[in-house]
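Hi,

Here is the structure I said I would pass on. Have a look at it first, and then read my notes below.

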Amino acid sequence: MNTKIPFYNILNMFLTGLVFIGGCVIIFPDTATAVLNSEIIKNLGTGPEIVVTVCAFAIAYEVGLIINRAGSVILEEILKRTKLIPFNDDYTLFNQKKKEYPIMSTLSREYALSRTGIVLFLTLLVLSLVGSKWIMVIICGIITAINFLSCKKHAGKIVKLMQGR
């Protein structure tokens, strides 16, 4: 069995995880320093840098994957139920229209990226509140709003194409 994972998925999950981890380092620098200076890290020695690097990449990917899935399972349901975004759940119609309008794949991908961005920066916003990092709260709030507007725009375009407009 030969399963291919699209480069887009790897990059999307990995970069999302890296941004989250980087945001956490900015929000909680003392904790990050404590982890890096911990006895566990010091006892690893110089040999296993590759292992540590691979583990860090895997952790970043998994964090990104969790954030992506939270957007898909939790945020999308909230956005649909509150009618904050237009949505059409007819997946069969979507696939038919995708053949007619190839741009649907791009719109769908952009919608998913925006949805993931909402969860990512909303989570960082909450962590910034906990850490009392007010500049980060403002920055994350603005980026969350931009991602929401992008998500709404792409969802609207998808629904219009599905309606044949």
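**A buried asparagine**

Asparagine 68 counts as buried, at 7% relative accessibility. Before going further, please keep in mind that this is a predicted model. Asparagine 68 belongs to helix α4, which covers residues 49–81. What does the side chain of asparagine 68 make a polar contact with? The partner is the side chain of threonine 116, at 3.1 Å. If you leave out residues up to four places away in sequence, asparagine 68 touches Asn12, Met13 and Thr116.

**How confident the prediction is**

Mean pLDDT for the chain comes out at 88, with 90% of the residues at 70 or more. Among the elements, helix α7 (residues 134–162) has the highest mean pLDDT, 95. At the other end is helix α3 (residues 39–43), which has the lowest mean, 69.

**Salt bridges**

I count five salt bridges in the structure. Let me start with glutamate 76 and arginine 115, whose closest N and O atoms are 2.9 Å apart. That pair links distant parts of the chain, since glutamate 76 is in helix α4 and arginine 115 is in helix α6, 39 residues apart. Are these two partners buried or exposed? Glutamate 76 has 12% relative accessibility, so it counts as buried. Arginine 115 is buried too, because its relative accessible area is 8%. The cut-off behind both calls is under 20% relative accessible area.

Then there is a network of salt bridges that links Glu77, Lys80, Arg81 and Asp89. Two of its pairs are worth going through:

- Lysine 80 pairs with glutamate 77, and their closest N and O atoms are 3.2 Å apart. Both residues lie in helix α4, three residues apart, about one turn of the helix.
- Glutamate 77 also meets arginine 81 in a salt bridge, at 3.4 Å from N to O. Again both are in helix α4, but here they are four residues apart, about one turn of the helix.

These three residues cover each of the accessibility classes. Lysine 80 is at 17% relative accessibility, so it counts as buried. Glutamate 77 is partly exposed, because its relative accessibility is 29%. Arginine 81 is at 69%, which means it counts as exposed.

**Two positive phi values**

Most residues other than glycine have a negative phi. Which residues did I pick out for a positive value? They are lysine 83 and serine 132, each with phi near 55°. Lysine 83 sits in the loop between α4 and α5 (91–100), and serine 132 in the loop between α6 (103–130) and α7. Lysine 83 is exposed, because its relative accessibility is 69%. Serine 132 has a relative accessible area of 43%, so it is partly exposed.

**Leucine 161 in helix α7**

Leucine 161 is part of helix α7. Why does leucine 161 count as buried? Its relative accessible area is 13%, and the cut-off for buried is under 20%. Setting aside neighbours within four places in sequence, leucine 161 is in contact with Lys97, Tyr101, Ile103, Met104 and Leu107. For a longer-range distance, take leucine 161 and glutamate 62: their C-alpha atoms are separated by 33 Å, and the two residues are 99 residues apart along the chain.

**A nonpolar patch on the surface**

Last item. Phe7, Leu11, Leu15 and Leu18 form a nonpolar patch on the surface. Together they have about 380 Å² of accessible area. One of them, phenylalanine 7, lies in helix α1 (residues 7–27). Phenylalanine 7 has a relative accessible area of 62%, so it is exposed. The cut-off for exposed is over 50%.

**Where to look first**

If you only have a few minutes, I would open helix α4. You will find asparagine 68 there, along with glutamate 76 and the residues glutamate 77, lysine 80 and arginine 81. After that, try the surface patch that includes Phe7 and Leu11.

Cheers

Technical notes. Residues numbered from 1 in each chain as written. Predicted model: local features only at pLDDT ≥ 70, side-chain atom pairs only at ≥ 80, totals over all residues. Heavy atoms only, no water. Patch = residues over 30% accessible without salt bridge, like charges linked within 9 Å, V, L, I, M, F, W, Y side chains within 5 Å. Areas by Shrake-Rupley, 256 points an atom, 1.4 Å probe, with all protein chains shown as cover. Salt bridge = Lys/Arg side-chain N within 4 Å of Asp/Glu carboxyl O. Helix = DSSP H or I, 4+ residues; strand = E, 2+ residues; numbered from the N terminus. Buried < 20%, exposed > 50% of the residue type's maximum accessible area, 1.4 Å probe, protein only. pLDDT = per-residue confidence, 0-100. Polar contact = N/O pair within 3.5 Å; in protein donor to acceptor, adjacent residues only side chain to side chain. Contact = heavy atoms within 4.5 Å.
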